[in-house]
Amino acid sequence: MEPNVAITHPDRVLFPASATHEAITKGDLIDYYAEMAPVMVPHLDGRPLTLTRFPGGIDEEGFIQQNFATSLPDWMDRVDVPRKSGAGSVVHPVVARDEALVWAANQDCVTLHAWLSRQPHLDAPDRLVFDLDPAGDDFAVVRATARAVADVLQELGLTAYVQTTGSRGLHVVAPLRGSAGFDTAREFARAVAGLVVDDDPLHRTCEIRKGNRGGRVYVDIMRNAYGQTAVAPYAVRALPGAPVATPLEWDELDVPGLRPDGFTLRDVPRRMTERGDPWADMYRHACALAPLRNRLAKLGA
């Protein structure tokens with residue numbers, strides 16, 4: 001069936017105007033995702049998605065939706081994921097074509113979060129994600145931590161990629177061949193994070209409890225688990241000004257004034273035209289984890 005996305009209420013304001021930001025409408029959001037779809041779809045194809053929707057705009061409480069059992073158009077890809085309880089399944093939308101992103105935006109979906117695995121191999125991640133969450137506003141420490149994660153990954157033979165989260169931190173991502181399960185991937189990520197923290201325990205931590213982090217950057221590896229998600233590359237965040245989770249070249253971390261929320265819905269399409277997608281060839285550099293585990297053990301010895 002050919003896609004037919006009827007646009008509704010394009011003039012609805014989703015991001016209210018402020019002293020520093022102009023208003024952004026639902027139509028603006030739809031236009032953004034339509035323009036970015038050719039870049040985003042390859043990153044999302046096959047992945048179960050969770051949509052964060054704001055029908056009343058970001059100043060009102062939104063909601064997170066995973067299950068679309070009765071509300072997806074016939075042409076939309078989907079994946080049935082069994083519930084942990086064993087009772088029934090959750091029907092996640094899957095973005096496999098440009099129109100699917102337009103449909104999502106028309107549902108007042110501001111942010112898409114994606115699994116780290118793709119169907120049909122949902123139990124085997126094809127990426128590792130390190131979420132670097134700062135305790136304060138010292139972004140220089142976050143940038144240094146990102147480089148430290150990348151150094152360890154590259155010493156192990158993995159290729160590291162980086163993106164702003166569009167909020168407060170950075171994600172460092174390594175593509176995998178999808179030949180290991182989530183338990184193996186998470187333990188691998190935990191060992192890498194331990195090496196990064198041990199290198200600078202004054203500024204970095206793996207402590208899950210916020211109260212015990214002591215103002216340090218939290219190297220979070222908990223997204224590397226079945227059913228967990230990470231913000232999709234180029235997804236808009238529900239924050240003033242519509243910041244975007246933006247993949248970077250590594251040398252951009254040195255740009256003065258770089259902020260994790262510095263790229264927005266208004267300027268990312270132009271950036272894409274000028275620079276292209278730094279993650280476009282990511283999976284040409286995917287590695288299997290199994291041959292690297294001994295190397296990781298030696299690093300940690």
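Colleague: How much space lies in the largest pocket?

Modeller: In this predicted model, the largest pocket holds about 280 Å³ of space.

Colleague: What makes a residue part of its lining, and which residues are closest to the centre of the largest pocket?

Modeller: A lining residue has an atom within 4 Å of a pocket point. The largest pocket is lined by 17 residues, and those closest to its centre are Asp131, Thr165, Ser167, Arg223 and Arg237.

Colleague: Why are residues such as Asp131 and Arg223 called charged, and how does the lining of the largest pocket divide by class?

Modeller: Asp and Arg count as charged, so Asp131 and Arg223 belong to that class. The lining of the largest pocket divides into five nonpolar, seven polar and five charged residues.

Colleague: Which strands supply at least two residues each to the lining of the largest pocket?

Modeller: They are strand E7 (109–115), strand E8 (127–133) and strand E13 (229–231). E8 gives the most, with three residues.

Colleague: How do you know that two domains contribute to the lining of the largest pocket?

Modeller: At least three residues of that lining come from each of domain 1 (13–120 + 228–248 + 262–274) and domain 2 (125–226 + 285–300).

Colleague: What lines the second largest pocket, and why is Gly227 counted as polar there?

Modeller: The second largest pocket has about 230 Å³ of space. Its lining includes Arg83, Lys84, Trp115, Tyr226 and Gly227. Gly is placed among the polar residues, so Gly227 is counted as polar. By class, this lining has five nonpolar, five polar and two charged residues. Strand E5 (77–82) and strand E6 (89–94) each supply at least two of its residues.

Technical notes
Residues are numbered from 1 along each chain as its sequence is written. This is a predicted model: local features need pLDDT of at least 70, side-chain atom pairs count only at pLDDT 80 or more; totals for chains, interfaces and linings use all residues. Side-chain values use heavy atoms; hydrogens and water are left out. On a 1 Å grid over the protein atoms alone, a cavity is a set of points where a 1.4 Å probe fits but cannot get out, and a pocket is an open set with protein on both sides within 12 Å along at least five of seven lines; lining residues have an atom within 4 Å of a point. Grid points are joined across faces, edges and corners, and a volume is the space filled by probe spheres set on the points. Helices (H or I, at least four residues) and strands (E, at least two) are DSSP runs, numbered from the N terminus. Domain bounds come from an automatic or database domain assignment.
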